[in-house]
Amino acid sequence: MNYIVFDLEWNQSPGGRAGEHPRMPFEIIEIGAVRLDESFSITGEFRRLVKPKLYTKLHKYIKDILSYDEEVLKEQGVPFKDACTDFLEWCGEGSDDGYVFCSWGPSDLHTLQNNMDFYNMEKMHFPLTFYDVQQIYAEKYSKTHTVCKLEKAIEHLKLNEDRPYHAAINDAYYTARVMQDGGLGDITEKYVYDTYRHPKKRNQNIHDFHDGIFEEILGEYSTKKEALSDKHVTDIRCAVCGKKTNKIIKTFQINNTTCMGVGKCYRHGRMLSTLKLRPASDSSDSVFVVKKVVPINKSRFKEIRVKKDVLAEKKREKDRKYKERKMESDD
């Protein structure tokens, strides 16, 4: 199995939303990657500049951080389909067991697939997993699991900064260095699911135990209300044995996109279920659900119970003020 540590540079409309193409807000202008073997040794590097088709003028912010300009892209860049085809073919070289993507954050894989769709290229397989090295690093070094910029991680690990940042090949190289020398341990079970594509029907739903988490991706629902009325969404199963738990804090909304609930497995203790309601379309109210269940201790359970009580009190106060205003307007 190869690890393909990749990074992208992309451009956007120099004129802001007014000049943005709705199907491709970010246009890739560089693909850079480092291939690692199973022991994280570097076995190859890949770089392609891409000649832009939609946004031929660089956005001011993008131009300020890059080491090349429009003329270089015009002279040295190749069409995206050629660059992407070369990249995907390169990814599979040197391993009979395939490859898995790694990146500093989840946005690169999303943008790559968006650009592939724009050019009607063959879709990647589904479901698609990858390693978010940024999040793995945060879980190792941040008490609150707060993510940081790549430069800060390299500085913290005291690694040689012998290449300039904000070139895709160099940022991919630095991400690979974090994997090599960051003391991240065995990352095998720390993969995450890419959600650029999501389940449309129940037989496509994803159910997986990994890294101490029971994860489900469920869809598609016409509204948030429909999603939260599905018992499969709100039921809480043990992250260890998979059996249904006894709910001790019913699922409640934290905000417009997040819900929480707690169940108790009589063999493995309390389990926190977190639901993320994500839009399934830009043009409708449909959603899909990313559900994660993890074991929690007594202290965390108390925090969640207090949080629910505080939110409930805020809602009661809001409802009370609304009724008062309505009575005043009726008078």
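Q: What makes the contact between α3 and α4?

A: In this predicted model, F80, C84, F87 and L88 of α3 meet L112, N115 and M116 of α4. These residues are said to be in contact because heavy atoms within 4.5 Å satisfy the criterion.

Q: What is the make-up by class of the contact of α3 with α4?

A: It has six nonpolar residues, one polar residue and no charged residues. Phe, Leu, Cys and Met count as nonpolar, whereas N115 is polar because Asn belongs to neither the nonpolar nor the charged list.

Q: Why is α3 called oblique to α4?

A: Helix α3 (residues 80-91) and helix α4 (residues 107-118) pack at an angle of about 125 degrees, and their axes lie 10 Å apart. That angle makes α3 oblique to α4, because the roughly perpendicular range is 65 to 115 degrees and roughly antiparallel requires over 145. The crossing of α3 past α4 is left-handed.

Q: How much space lies in the largest pocket, and what lines it?

A: The largest pocket holds about 1900 Å³ of space. Its lining has 50 residues, of which P106, Y193, T195, R278 and V290 are the closest to the centre. Elements giving two or more residues to this lining include α4, β5 (129-132), α5 (133-141) and β6 (192-193), and also among them are β8 (213-221), β11 (269-279) and β12 (287-295).

Q: How many residues of each class line the largest pocket?

A: The lining divides into 20 nonpolar, 13 polar and 17 charged residues. R278 is among the residues closest to the centre, and R278 is classed as charged because Arg stands with Asp, Glu and Lys.

Q: What space lies in the second largest pocket, and which residues are closest to its centre?

A: About 550 Å³ lies in the second largest pocket. Of its 21 lining residues, D7, L8, E9, H166 and D171 are the closest to the centre. The elements that give two or more residues to this lining are β1 (2-12), α1 (60-65), α4, α6 (150-156) and α7 (168-181). β1 contributes the largest share, with four residues. By class, the lining comprises ten nonpolar, five polar and six charged residues.

Q: What makes a space count as a cavity, and how many of 30 Å³ or more are found?

A: A 1.4 Å probe must fit in a cavity but be unable to get out, whereas a pocket is open. The search of the whole structure finds one cavity of 30 Å³ or more. The largest cavity holds about 50 Å³ of space; therefore it meets that threshold.

Q: Which residues line the largest cavity, and how many belong to each class?

A: The lining is formed by Q113, M116, D117, E122, K123, M124, Y196 and R197. Three are nonpolar, one is polar and four are charged. Y196 falls in the nonpolar group because Tyr is placed there by the classification.

Q: Where are cis peptide bonds found, and what are their omega values?

A: One joins F126 and P127, with omega about -5 degrees; P127 lies in the loop between α4 and β5. Another joins G219 and E220, with omega about -10 degrees, and E220 lies in strand β8.

Q: What is notable about the phi of H145?

A: H145 has a positive phi of about 60 degrees although it is not a glycine. H145 is placed in the loop between α5 and α6.

Technical notes: Residues numbered from 1 in each chain as written. Predicted model: local features only at pLDDT ≥ 70, side-chain atom pairs only at ≥ 80, totals over all residues. Heavy atoms only, no water. Axes fitted to C-alpha atoms, helices over the stretch in contact; angles between N-to-C directions. Parallel < 35°, antiparallel > 145°, perpendicular 65-115°, else oblique. Left-handed = near helix turned anticlockwise from the far one by under 90°. 1 Å grid on protein atoms, 1.4 Å probe; cavity = no way out; pocket = protein on both sides within 12 Å on 5 of 7 lines; lining within 4 Å. Points joined across faces, edges and corners; volume = space filled by probe spheres on them.
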